[in-house]
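Work through the exercises below with the sequence and the coordinates open. Each task is followed by a solution in steps.

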Amino acid sequence: MRWGDMRRSDNVEDVTGGQPSGGGTPFGGGMKLGGGAMILVVIVSLLFGVNPLQFLGMMDGGAPPAPTPAPQSKATQPGYGPQVAKGAEDPDKGLSVRVLGDTEDVWTALFQAMGSRYEPPKLVLFRRSVVSMCGRASSASGPFYCAADRKLYLDTAFFQELQNRFGAPGDFGQAYVIAHEVGHHVQNLMGTMRDYDAAAGKLDDRRRNALSVRLELQADCYAGVWGFYAAKRNLLEPGDAEEGLRAASAVGDDTIQKQTQGYAVPDGFTHGTAEQRMRWFKTGLQSGDPRNCNTFAAKAP
Ligand SMILES: [Zn+2]
């Protein structure tokens, strides 16, 4: 993926800098869901902790570089932009900031086409733990979107998890993770999430999980829609689609459950199987049309 050619987003809050690099009990608590069953939507309900060594590896000196005093062309912006010396940019952060910027461009155009206005979400880059309006979360919970404060939360150490634990390396796999969370934001703006909350509150666990799967698969499809436009503008490279599909497969509930407990329990699925996640991602990726992402209308998603 040619993410270096994507526009940097201005909607990033980097709070990784103020975190101490050792001590404490960083991976204990997991996540508390605040107010309402599923305000907080997690891409992966990880059932395990995260290896602290992986975090030590990413202690890169924290805050983004200060803007350079040199005059900037219109095309560049302070921070992670091209004016930062090669090697100074944390690639995981750089990718995140630029993929987010690109999703802003794509969804702004798509909302415009629908006669509506896209209000971009904020991306909070954190390390180890973070407090959102949906509660406190640790890195072990994986990236998530909080509808209450309209922010995406990402510890970029998850990208290493994706590669090492889930066997899904590659930058487009990382982009898929971000685009999926942006997909939840799109659902929030479109009112889908509000409808989901209202409906889910009246359901038993099994039915609520089934509805949650549809919500998650739609976010996968929306991630694919973004991918379609990235491809159309020549920002993808050969193999990227496969990388994205591999990531979608790797974070399928069945894949994760089999990996962690040796078998899969379909009623416990909240995100969808590997096959479902790949199929809906592909639906968006091949059509570029959000209207094809109506997982709620599909008889069997
Ligand atoms: Zn999700």
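**Exercise 1. The disulfide of C221 and C293**

Decide whether C221 is buried or exposed, and do likewise for C293. Then describe the link between them.

Solution.
- Step 1. The model is a predicted one, and C221 has a relative accessible area of 0% in it. The cut-off for buried is under 20%, so C221 counts as buried.
- Step 2. For C293 the relative accessible area is 0%, so this residue is buried too.
- Step 3. The sulfur atoms of C221 and C293 are 2.0 Å apart, and the two residues form a disulfide.
- Step 4. The torsion about this S-S bond is -70°, a left-handed link.
- Step 5. C221 belongs to helix 6 (residues 205-232), while C293 is in the segment after helix 9 (274-287); the disulfide therefore ties together parts that are 72 residues apart in sequence.

**Exercise 2. The other disulfide and the pairing pattern**

How many disulfides does the structure hold, and what is the handedness of the one formed by C134 and C146?

Solution.
- Step 1. The count is two disulfides.
- Step 2. C134 and C146 are joined with their sulfur atoms 2.0 Å apart.
- Step 3. About their S-S bond the torsion is about 90°, so this disulfide is right-handed.
- Step 4. C134 sits in the loop between strand 4 (129-132) and strand 5 (135-138), and C146 sits in strand 6, so the bond ties together parts that are 12 residues apart in sequence.
- Step 5. Both C134 and C146 are buried.
- Step 6. With the bonded cysteines of the protein chain numbered in sequence order, the pairing reads 1-2, 3-4.

**Exercise 3. The partners of strand 7**

Which way does strand 7 run relative to strand 3, and in which sense does strand 6 pair with strand 7?

Solution.
- Step 1. Strand 3 (residues 122-125) and strand 7 (residues 151-154) run parallel and are joined by four bridges.
- Step 2. Within strand 7, L154 is the residue opposite L125.
- Step 3. Strand 6 (residues 144-146) pairs with strand 7 in the antiparallel sense, over three bridges.
- Step 4. C146, a cysteine of the right-handed disulfide, has K151 of strand 7 as its bridge partner.
- Step 5. Strands 6 and 7 make a hairpin with four residues between them, and R150 in the turn has a positive phi of about 55°.

**Exercise 4. The second largest cavity**

Find which residues line the second largest cavity and sort them by class.

Solution.
- Step 1. There are two cavities of 30 Å³ or more, and the second largest has a volume of about 30 Å³.
- Step 2. Its lining consists of L123, P143, L152, Y153, L154, V177, I178 and E181.
- Step 3. Strand 7 and helix 4 (171-190) each supply at least two of these residues.
- Step 4. Sorting by class gives seven nonpolar, no polar and one charged.

**Exercise 5. The zinc ion**

Which residues coordinate the zinc ion, and what spacing do the donors follow along the chain?

Solution.
- Step 1. The donors are H180 (NE2), H184 (NE2) and E216 (OE), at 1.9 to 2.1 Å.
- Step 2. Along the chain they follow H-x3-H-x31-E.
- Step 3. H184 is in helix 4 and E216 in helix 6, so this pair ties together parts that are 32 residues apart in sequence.
- Step 4. H184 and E216 are both buried.

Key:
Residues numbered from 1 in each chain as written. Predicted model: local features only at pLDDT ≥ 70, side-chain atom pairs only at ≥ 80, totals over all residues. Heavy atoms only, no water. Pairing = 2+ DSSP bridges. Helix = DSSP H or I, 4+ residues; strand = E, 2+ residues; numbered from the N terminus. Disulfide = S-S within 2.5 Å. Buried < 20%, exposed > 50% of the residue type's maximum accessible area, 1.4 Å probe, protein only. 1 Å grid on protein atoms, 1.4 Å probe; cavity = no way out; pocket = protein on both sides within 12 Å on 5 of 7 lines; lining within 4 Å. Points joined across faces, edges and corners; volume = space filled by probe spheres on them. Nonpolar A, V, L, I, M, F, W, Y, C, P; charged D, E, K, R; others polar. Donors = N, O, S within 2.8 Å, 3.2 Å for Na, K, Ca; no water.
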